[in-house]
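This note is intended for a colleague meeting the structure for the first time. Please read the numbered points alongside the display below.

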Amino acid sequence: MPLPHGRGSISAEGSSAHGPPVLEAAARLRILVNLSRQLAEARTDLDLVFDTVCAHLVSVLGDGCAAFLLLDDNTSLEPVTIRHRDPARRLLLEQLNQARKLRVGEGFTGSVMASGKSLFLADVDAAILDATTLPEYKPYLDQVGVRSMLVVPLAGRSRVHGAFWLTRDPGSPPYTPADRELVEAIADCTAMALDSARIQLEHGDDRRRLAEAASRTARLQQVTAALSSAATPEEVSSVVAHLAVGAMEGVAGSLVLPNESRTELHIRSYIGHTHVPHVVKAFQVLPVTANNPVAISYRERKPFFFSDLISYGAQFPELLASASEAGYEAAAALPLLARGEVLGVLWVRFATPRPFEEEERALMSTMVAQCAQALERSRLYTRAQKAVAQRDEFLSVAAHELRTPLAAMKLQIQSLQRNLSRPPEAEDNKPQLIAKADAVARQVKRLEALVTDLLDLSRLTAGKLALRLEEVDLHELAREVCERMAEEATRAQSPLTIYAESRVRGHWDRARLDQVLSNLLSNALKYGAGGPIDVTLTADSTWVFLSVRDRGIGIPPEDQARIFERFERAVPGRNYSGFGVGLWICKQIIDALGGRIRVESQQGQGSTFEVTLPTKREP
């Protein structure tokens, strides 16, 4: 709807006539009423607001008009609309204002913004004009000139939004106080429209933020519910890859977990990239030391965000081709932290660049924390299941192990009872009775060893291992243990040999070291396949080195770490006797003495258990 024009006013840009200096009050009122209506219809379209006002200001008051809006930095002004009745002069004004942004406090318009008060120059003084005009605007003075000027601030309720700049060229009548009142009234209407538009925009932003927050909460709740019902690591991995990635609005993603030795990262589950399976295969196994965002996130325990391929390629140029082929534009590497430990990394890919604003990062952080907690719960669940299985296996083995010597003892005792119930035996039957008694003694000794292991298992599990430290000659102790086990070595057809320096002393618990040596030699005899067994002792000024070597069945590489765990063994429990706690007890004792124990072995070529002990245990 066009505004009504004042008496004698021009009707459009390009007209050359000006109306009388003072518009009638009724005409000004009609202008304000109709302008207010059009500003209300403009709603939140700020460009339309300014264009509407400036078009009518030029139409009513000529010759040139510009609207400046204060930018978010509160220091610069942007010319959002420039008008002039002469198209050539309008083009000149637009070109000059593109040179640089006007700052608050500069020139006529900047000064009005700073003061918040109107500037009214009915007849512009050439000296003042020349002194105040910025150098960038001097070409306008040289080519056109200024006859009269009005600069009016757009003062809203809480801030000055901008300013109107109006000018009349030489040859046009000057602005009058009535013109100033009209422009100030128009500026007030415009400022109110700007206040209203900003409030609506803020409310719209608030509604958008509330809707986004509700959406984020719903997605988080969905992932949380799915994770709460996932028990095993496999189930959790599936939820993380297939649900959490989607809840983050990712198009693809992978859950990367470390191996047991924490030297490599393996893709446990993934979603997306079905069109480029070779890309997934290329990163299926990743060294922890790799120059890769996933490996770096794992090592440094912090997230990395790549808003676009440019930032990604700047840091990892060698990976840019794979990223481009996979078809993603942004990515994030998110470490899964639980109890101070990095459980793995979630790698999420996005189809379009994204700024990763604070709210999105907060959502991703919360979701990853939920995933980490679920993964930790699944690990605990798996460990509990394994512990129950180990307990059941242990009880089964323990029952078998305890029944075996008891059954043998029962048979030998029954035989002795029968022999003793008969008339006195001849002297030539005495060796037979002695052999039976010796067999009973061996079974009692075996039973005693099993019960000792059970007691040690109970004490060590409860953390009640007590040490009685004294000066010990390890050479002498090794010789005593070998002599004690000589009969068992003979039955196993495994000769025992000690290679030792004359004097190997240290400050240790003699009984516990006896137990360690006995367990290691017992294992060597059990798995040594009838080959010779060597016990070697060496020492330097601070350490003693003990090794027990057999030539037996050996231990597979994948089992060499776990055999020192409780209830673990590298062979079936039914094939070899024992509870599977001997090496675990040895490790607990060696650790308590400040030493180390390790194994070197090859299948079919025997095993060497190496013990390193400090000569004096630190308090």
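What percentage of the 619 residues of the protein count as buried?

1. Burial and model status. The model under review is a predicted one. Of its 619 residues, 45% count as buried. The exposed area of the protein is about 31000 Å², and carbon and sulfur atoms supply 53% of that area.

2. Overall content. The protein contains 18 helices and 19 strands. Among contacts with a separation of 6 or more, 66% are between residues 24 or more positions apart. The points below concern two sheets and the helices that touch them.

3. First sheet. An open sheet is formed by six strands in the order E3-E2-E1-E6-E5-E4, with antiparallel pairing. Strand E3 (102-103) and strand E4 (119-121) are the edge strands, and each pairs on one side only. Strands of a sheet pair through backbone hydrogen bonds, in either a parallel or an antiparallel manner.

4. The E2-E3 pairing. Strand E2 (residues 76-84) runs antiparallel to E3, and two bridges join them. Ser76 has Arg103 of E3 as its bridge partner.

5. Helices on the first sheet. Helix H3 (residues 87-97) packs on the sheet and touches strand E1 (64-70), E2 and strand E6 (160-168). The direction of H3 makes about 170 degrees with that of E2. Helix H4 (residues 107-115) lies across E1, E2, E3, E4, strand E5 (148-155) and E6. With respect to E5, helix H4 runs at about 35 degrees.

6. Second sheet. Six strands in the order E9-E8-E7-E12-E11-E10 form an open sheet, again described by antiparallel pairing. Its edge strands, each pairing on one side only, are strand E9 (285-287) and strand E10 (304-306). From one strand to the next, the twist averages 25 degrees.

7. The E8-E9 pairing. Three bridges join strand E8 (residues 264-271) to E9, and the two run antiparallel. The bridge partner of His266 in E9 is Val285.

8. Helices on the second sheet. Which strands does helix H8 (residues 233-247) touch? Helix H8 packs on the sheet against strand E7 (252-258), E8 and strand E12 (341-350), and its direction makes about 60 degrees with that of E8. Helix H10 (residues 293-300) also packs on this sheet, touching E7, E8, E9, E10, strand E11 (330-338) and E12. The direction of H10 makes about 150 degrees with that of E12.

Terms used. Residues numbered from 1 in each chain as written. Predicted model: local features only at pLDDT ≥ 70, side-chain atom pairs only at ≥ 80, totals over all residues. Heavy atoms only, no water. Helix = DSSP H or I, 4+ residues; strand = E, 2+ residues; numbered from the N terminus. Buried < 20%, exposed > 50% of the residue type's maximum accessible area, 1.4 Å probe, protein only. Contact = heavy atoms within 4.5 Å. Areas by Shrake-Rupley, 256 points an atom, 1.4 Å probe, with all protein chains shown as cover. Pairing = 2+ DSSP bridges. Axes fitted to C-alpha atoms, helices over the stretch in contact; angles between N-to-C directions.
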